[in-house]
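Here's a quick briefing to read with the sequence and the 3D view side by side. Keep the viewer open and click on each residue as it comes up.

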Amino acid sequence: MKKYVCDVCGYIYDPAEGDEDNEVPAGTAFEDLPEDWVCPLCGAEKSEFSEMEESA
């Protein structure tokens with residue numbers, strides 16, 4: 001699953017870890033996050049996240 005980075009603060013959403021603070025279980029893809037989910041660090045909306053490039 002792809003990771004996504006917050007364009008505002010740099011927080012990285014890793015689906016393998018989920019978002020414990022917002023009760024998002026590990027294994028939840030970014031696309032499957034609730035529409036009202038926001039960055040746990042700065043409160044930015046999902047639209048403020050960009051897909052991370054895969055590192056080789």
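What follows is a tour of some side chains and their partners, grouped by topic. Keep in mind that this is a predicted model. The search turns up seven aromatic pairs, three salt bridges and zero disulfides.

**Rings that pair up**

- Start with Tyr4 and Phe30, whose rings are stacked, with 4.1 Å from centre to centre and 15° between the planes.
- That pair links distant parts of the chain, since Tyr4 belongs to strand β1 (residues 4-6) while Phe30 is in the loop between β2 (12-13) and β3 (49-51), 26 residues apart.
- Are Tyr4 and Phe30 buried or exposed? Both Tyr4 and Phe30 are buried.
- Phe30 also pairs with Trp37, and here the planes stand at 85° with the ring centres 6.1 Å apart, so this pair is edge-to-face.
- Phe30 counts as buried because its relative accessibility is 7%, and Trp37 counts as buried because its value is 5%.
- Step back a bit and you can see ring pairs joining Tyr4, Tyr11, Tyr13, Phe30, Trp37 and Phe49 into a cluster.
- Phe30 has a charged visitor too: the charged end of Lys46 sits over the Phe30 ring, 5.4 Å from the ring's centre.

**The nonpolar core**

- In soluble globular proteins, nonpolar side chains tend to be buried together.
- How many residues make up the largest nonpolar core here? There are 11 residues in all, among them Tyr4, Cys6, Val24, Leu33, Cys39 and Ala44.
- Aromatic residues are in that core as well, including Tyr11, Tyr13, Phe30, Trp37 and Phe49.
- Tyr13 is worth a click: leaving out residues up to four places away in sequence, Tyr13 touches a list that includes Lys3, Gly18, Asp19, Thr28, Ala29 and Leu33.
- Leu33 sits in the loop between β2 and β3, and with a relative accessible area of 2% for Cys39 and 3% for Leu33, both of these core members are buried.
- If you skip neighbours within four places in sequence, Leu33 is in contact with Tyr13, Val24, Thr28 and Lys46.
- Leu33 and Gly18 are 15 residues apart in sequence, and their C-alpha atoms are 9.4 Å apart in space.

**Salt bridges**

- Side chains of opposite charge can pair when their charged atoms come close.
- Glu51 and Lys2 meet in a salt bridge, at 3.5 Å from N to O.
- This one links distant parts of the chain, with Glu51 in strand β3 and Lys2 in the segment before β1, 49 residues apart.
- Glu51 is partly exposed, with a relative accessible area of 41%, and Lys2 counts as partly exposed at 36%.
- Lys3 and Asp14 form another salt bridge, at 3.8 Å from N to O.
- Lys3 lies in the segment before β1 and Asp14 in the loop between β2 and β3, so this bridge ties together parts that are 11 residues apart in sequence.
- Here Lys3 is partly exposed at 38% relative accessibility, whereas Asp14 is buried at 13%.
- Which residue does Glu35 form a salt bridge with? Its partner is Lys46, and the closest N and O atoms are 3.7 Å apart.
- Glu35 and Lys46 are both in the loop between β2 and β3, 11 residues apart.
- Glu35 counts as exposed because its relative accessibility is 69%, while Lys46 is buried with a relative accessible area of 13%.

**Two cysteines without a bond**

- A disulfide is a covalent bond between the sulfur atoms of two cysteines.
- Why is there no such bond for Cys9? The closest cysteine sulfur, in Cys39, is 3.7 Å from the sulfur of Cys9, which is too far for a bond, because the cut-off for a disulfide is 2.5 Å.
- Cys39 is in no disulfide either, as the nearest cysteine sulfur is that of Cys9, 3.7 Å away.
- The two cysteines also have their own surroundings: Cys9 is partly exposed, with a relative accessible area of 36%, whereas Cys39 is buried at 2%.

Notes. Residues numbered from 1 in each chain as written. Predicted model: local features only at pLDDT ≥ 70, side-chain atom pairs only at ≥ 80, totals over all residues. Heavy atoms only, no water. Buried < 20%, exposed > 50% of the residue type's maximum accessible area, 1.4 Å probe, protein only. Phe/Tyr/Trp six-rings, centres within 6.5 Å; stacked < 30°, edge-to-face > 60°. Helix = DSSP H or I, 4+ residues; strand = E, 2+ residues; numbered from the N terminus. Lys NZ or Arg CZ within 6 Å of the ring centre and 35° of its normal. Core = buried A, V, L, I, M, F, W, Y, C linked by side-chain atoms within 4.5 Å. Contact = heavy atoms within 4.5 Å. Salt bridge = Lys/Arg side-chain N within 4 Å of Asp/Glu carboxyl O.
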